[in-house]
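Student: I'd like to learn how to read a few features off a structure. Can we go through them one at a time?

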Amino acid sequence: MRRKLKGEGRTALLFLTPLFLAYAVYYVYSCWFLIGTSFTKVSINFSNAVDVGWRNYRLLLEDHAFLTAIRNNLLFAAGSIAVSLTLAFVIAVMLASGIGGRRLYYAIFLVPALTPIALIATVFGRMLQYQDGTLNQGLRSIGLGGLAQHWLTEPGWAFASVLGLFAYLIGLPIMYYTADLAAMRTDVLEAAVLDGAGPLQMMRAVIHPMMRSTHITVTLALLLGSFRAFEVVLLSTGGGPDDSTEIVGTYTYRFVTSGGSTIGFASAASVLVLIVALLVSAVQALVTRTRKGDSR
């Protein structure tokens with residue numbers, strides 16, 4: 001084990017000081033400014049701010065559109081979590097078992113996870129256009145034009161389409177499961193095989209329970225990610241129609257770009273989302289620390 005040299009800690013602190021200062025300017029000050037702005041009525045130029053106390057927060061919690069945006073965030077997250085705990089888990093087990101066609105699975109599910117979300121959402125939106133979208137054109141070309149729908153302009157179909165996009169972006173959960181499967185104890189699996197467990201029994205009764213901590217990590221990561229999925233909705237449906245796919249990100253963006261003295265209101269919405277994100281991040285950090293402690 002290498003001995004710590006005298007003065008090494010001071011040297012490291014000296015090199016880390018610029019990083020600490022950058023965090024102080026871009027994070028601490030930004031949060032302080034955001035919280036301060038949330039108690040005011042001010043426009044985008046931040047001049048002539050009027051102190052309104054808790055009025056922005058009270059109006060926000062009474063706004064049906066904001067509550068709908070929160071609900072949609074949670075529903076999209078729930079759909080993504082449900083698919084990840086089932087389909088993503090099964091795909092990860094198949095990949096770990098050496099199934100054929102692994103490159104195809106990687107291309108379908110993992111490549112989108114490494115591609116900018118803005119690009120995926122834009123392509124997705126173009127595919128679901130009513131007139132020239134790939135999906136409707138494909139249906140018409142095989143004589144099923146009656147099944148063509150206004151996927152992005154009817155509330156029910158728009159919500160289902162965005163939910164499908166959230167469910168499709170399961171590349172990150174697959175990578176989580178694949179990494180933990182590689183570190184799984186093989187003696188337990190060998191014992192299950194000797195006891196006569198088949199592939200489905202092995203997956204359901206042995207592997208799935210052993211990955212409980214991974215399930216929790218995936219759940220928290222997707223829940224937190226749903227509040228950062230601004231591009232997914234903005235570049236596909238824009239939050240419409242009739243706020244049916246609105247999430248907190250597009251809700252806040254609408255007020256920031258609407259003009260008028262709405263910046264304080266949008267800041268209040270951002271503060272509430274930040275609090276939720278910090279709580280989820282704290283739980284995720286606690287779970288990660290617990291997993292590390294159990295693995296020792």
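Tutor: Sure, and keep in mind that this is a predicted model. Let's begin with a charged pair: the side chains of arginine 254 and glutamate 246 form a salt bridge, with N and O 2.7 Å apart.

Student: Which partner is buried and which is partly exposed, arginine 254 or glutamate 246?

Tutor: For burial, go by relative accessible area: under 20% is buried, over 50% is exposed, and partly exposed is in between. Glutamate 246 has 2% relative accessibility, so it counts as buried. Arginine 254 comes out at 35%, so it is partly exposed.

Student: How many salt bridges does the structure hold?

Tutor: There are two. Besides the pair we just looked at, arginine 126 is bridged to aspartate 132, and their closest N and O atoms are 3.3 Å apart. The cut-off for that N to O distance is 4 Å.

Student: And how accessible are aspartate 132 and arginine 126?

Tutor: Aspartate 132 is partly exposed because its relative accessibility is 40%. Arginine 126 sits at 47%, so it is partly exposed as well.

Student: Let's go to a small residue. Where does alanine 121 lie, and what does it touch beyond its sequence neighbours?

Tutor: To read packing, skip residues up to four places away in sequence and see what is left. Alanine 121 belongs to helix α5, which covers residues 117-127. With those neighbours set aside, alanine 121 touches Leu165, Glu231, Val232, Leu235 and Ser236. Its relative accessible area is 1%, so alanine 121 is buried.

Student: How far apart are alanine 121 and phenylalanine 166 in sequence and in space?

Tutor: They are separated by 45 residues in sequence, and their C-alpha atoms are 9.9 Å apart.

Student: What about serine 161: buried or exposed?

Tutor: Buried, because its relative accessibility is 8%. Serine 161 is part of helix α7, residues 155-168. Using that same sequence filter, its contacts are Phe124, Leu128, Trp151 and Leu152.

Student: Last one: which residues form the nonpolar patch on the surface?

Tutor: For a patch, look for nonpolar side chains that are accessible and close enough to be joined. Here the members are Leu13, Leu16, Leu19, Phe20, Tyr23, Val25, Tyr26, Tyr27 and Val28, and together they have about 970 Å² of accessible area. Take phenylalanine 20 as one of them: it is found in helix α1, residues 8-37. At 46% relative accessibility, phenylalanine 20 counts as partly exposed. Patch members need over 30%, so phenylalanine 20 clears that cut-off.

Conventions: Residues are numbered from 1 along each chain as its sequence is written. This is a predicted model: local features need pLDDT of at least 70, side-chain atom pairs count only at pLDDT 80 or more; totals for chains, interfaces and linings use all residues. Side-chain values use heavy atoms; hydrogens and water are left out. Helices (H or I, at least four residues) and strands (E, at least two) are DSSP runs, numbered from the N terminus. Buried means under 20% relative accessible area, exposed over 50%, partly exposed in between (1.4 Å probe, protein chains only). Contact means heavy atoms within 4.5 Å. Patches are made of residues with over 30% relative accessible area and no salt bridge: like charges are joined within 9 Å, nonpolar side chains (Val, Leu, Ile, Met, Phe, Trp, Tyr) within 5 Å. Accessible areas come from the Shrake-Rupley method with a 1.4 Å probe; for residues, only the protein chains shown count as cover.
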